[in-house]
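Hi,

Here is the structure I said I would pass on. Have a look at it first, and then read my notes below.

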Amino acid sequence: MWQSREKLRTATVSPSPVWGWSVLLFGLVVLVLSRNQDIWFLEVASEIPVLAGCVLLLAGWDVLWILAFPIGFLIFSAPAPGWMVDAATVPLKVLISDLVTNGLYAAGYPIAQNGVVIQIGPYQLLVQDACSGMNSIFALSAIGVFYVYAFRWHEKIRALILLSLIIPITITANFLRVVTLVLIAYYGGVEMIEGVIHDLTGIALFIVAVALMLASDGLISLFGRAVQRKPSSKAAPAA
């Protein structure tokens, strides 16, 4: 909103009471019903129509259009629906387990896998829900969307490519985290990956993921410049 302050100063203030009350009451009904049914996602997400209705009542459509992204961005404050998390967690856990097992086996480590249980040397490690990457996908999606809006909003193709890379980047960062934990357990024992080290690898996951996102943005920029500088295949006319 602060970045849009100049647009807000010059925006036409024309309240829209009919639409404003309609959207506001819709948001309040969603809030009451979702609170009654204990649906957290809709309960928190109802803040979006409530705020949009208030803006329409006070200022109108022009101001709401300027504030569309800040208000819509609040969708990331809502916890992901349980059915979505449950449906995606198991496949992601299996995928991470497969990638880690195949990678370390190719590197010569004595490793085997049974579902989401990884056995390396004398130790058995369970890939838990937290290691599936679902929470990381939601968090990094919020960071990625904000980054694209703040710095790449006017480069639509570049922005779309960067957004499409968020899930692969998150899976890669999570793969590196699980590989690190498995190797720490192999060389130092299972007790080494409990407590502080486990939490530190979780923090490192986000650092690696953000670094990979910035690196991907740089590679997209370099590729775009290389395409623009590619010499024409047509020969220059003779003098």
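**What I found**

Let me start with one residue: Ser216 sits in helix α11, which covers residues 196–229. Keep in mind that this is a predicted model.

Is Ser216 buried or exposed? Its relative accessible area is 15%, and the cut-off for buried is under 20%, so Ser216 counts as buried. If you set aside its neighbours within four places in sequence, Ser216 is in contact with Leu162, Leu165 and Ile169. Two of those names, Leu162 and Ile169, come back further down, in one of the nonpolar cores.

**The sheet**

Next, have a look at the strands. There are 3 of them in an open sheet, in the order β1-β2-β3, and the pairing is antiparallel. Which strands are at the edges? They are β1 and β3 (123–126), each of which pairs on one side only. From one strand to the next, the twist averages 20°.

If you zoom in on β1 (residues 111–114) and β2, you will find them paired in the antiparallel sense over 4 bridges. Asn114 has Val117 in β2 as its bridge partner, and Gln113 stands opposite Ile118, also in β2. The hairpin that these two strands make has 2 residues between the strands, and there Gly115 takes a positive phi near 70°. As background, strands of a sheet pair through backbone hydrogen bonds, either parallel or antiparallel.

**Helices across the sheet**

Two helices are worth finding here. α7 lies across β1 and β2 and runs at about 160° to β1. α10 lies across β1, β2 and β3, running at about 155° to β3.

While you are at α10 (residues 166–188), pick out Arg177, which is found in that helix. With a relative accessible area of 10%, against a cut-off of under 20%, Arg177 is buried too. Its C-alpha atom is separated by 23 Å from that of Met84, and the two residues are 93 apart along the chain.

**The nonpolar cores**

In soluble globular proteins, nonpolar side chains tend to be buried together. In this model, the largest nonpolar core has 19 residues, and those that touch the most other members are Val100, Leu104, Ile111, Ile120, Leu125 and Val182. Where do the members come from? The elements that give two or more residues are α7 (82–106), β2 (117–120), α8 (134–151) and α10. Of these, α10 has the largest share, with 6 residues.

Ile120 is a good place to centre your view. Not counting residues up to four places away in sequence, Ile120 touches Leu104, Tyr109, Pro110, Ile111, Leu125, Val182 and Tyr186.

A second core, separate from that one, is made up of 12 residues, including Tyr147, Leu162, Ile169 and Ile220. This is where the two contacts of Ser216 that I mentioned, Leu162 and Ile169, turn up again.

**The largest pocket**

Last, the open space. The largest pocket has a volume of about 440 Å³. It is lined by 13 residues, and the closest to its centre are Ser4, Lys7, Ile66, Tyr149 and Trp153. Two or more lining residues come from each of α5 (61–66), α6 (68–72) and α8. Which element gives the most? That is α8, with 3 residues. So you will meet α8 in both places, as it also gives residues to the largest core.

Cheers

Methods: Residues are numbered from 1 along each chain as its sequence is written. This is a predicted model: local features need pLDDT of at least 70, side-chain atom pairs count only at pLDDT 80 or more; totals for chains, interfaces and linings use all residues. Side-chain values use heavy atoms; hydrogens and water are left out. Buried means under 20% relative accessible area, exposed over 50%, partly exposed in between (1.4 Å probe, protein chains only). A nonpolar core is a set of buried Ala, Val, Leu, Ile, Met, Phe, Trp, Tyr and Cys residues joined through side-chain atoms within 4.5 Å. Contact means heavy atoms within 4.5 Å. Two strands pair if DSSP finds at least two bridges between them. Axes are lines fitted to C-alpha atoms, for helices over the stretch in contact, and angles run from 0 to 180 degrees between N-to-C directions. On a 1 Å grid over the protein atoms alone, a cavity is a set of points where a 1.4 Å probe fits but cannot get out, and a pocket is an open set with protein on both sides within 12 Å along at least five of seven lines; lining residues have an atom within 4 Å of a point. Grid points are joined across faces, edges and corners, and a volume is the space filled by probe spheres set on the points.
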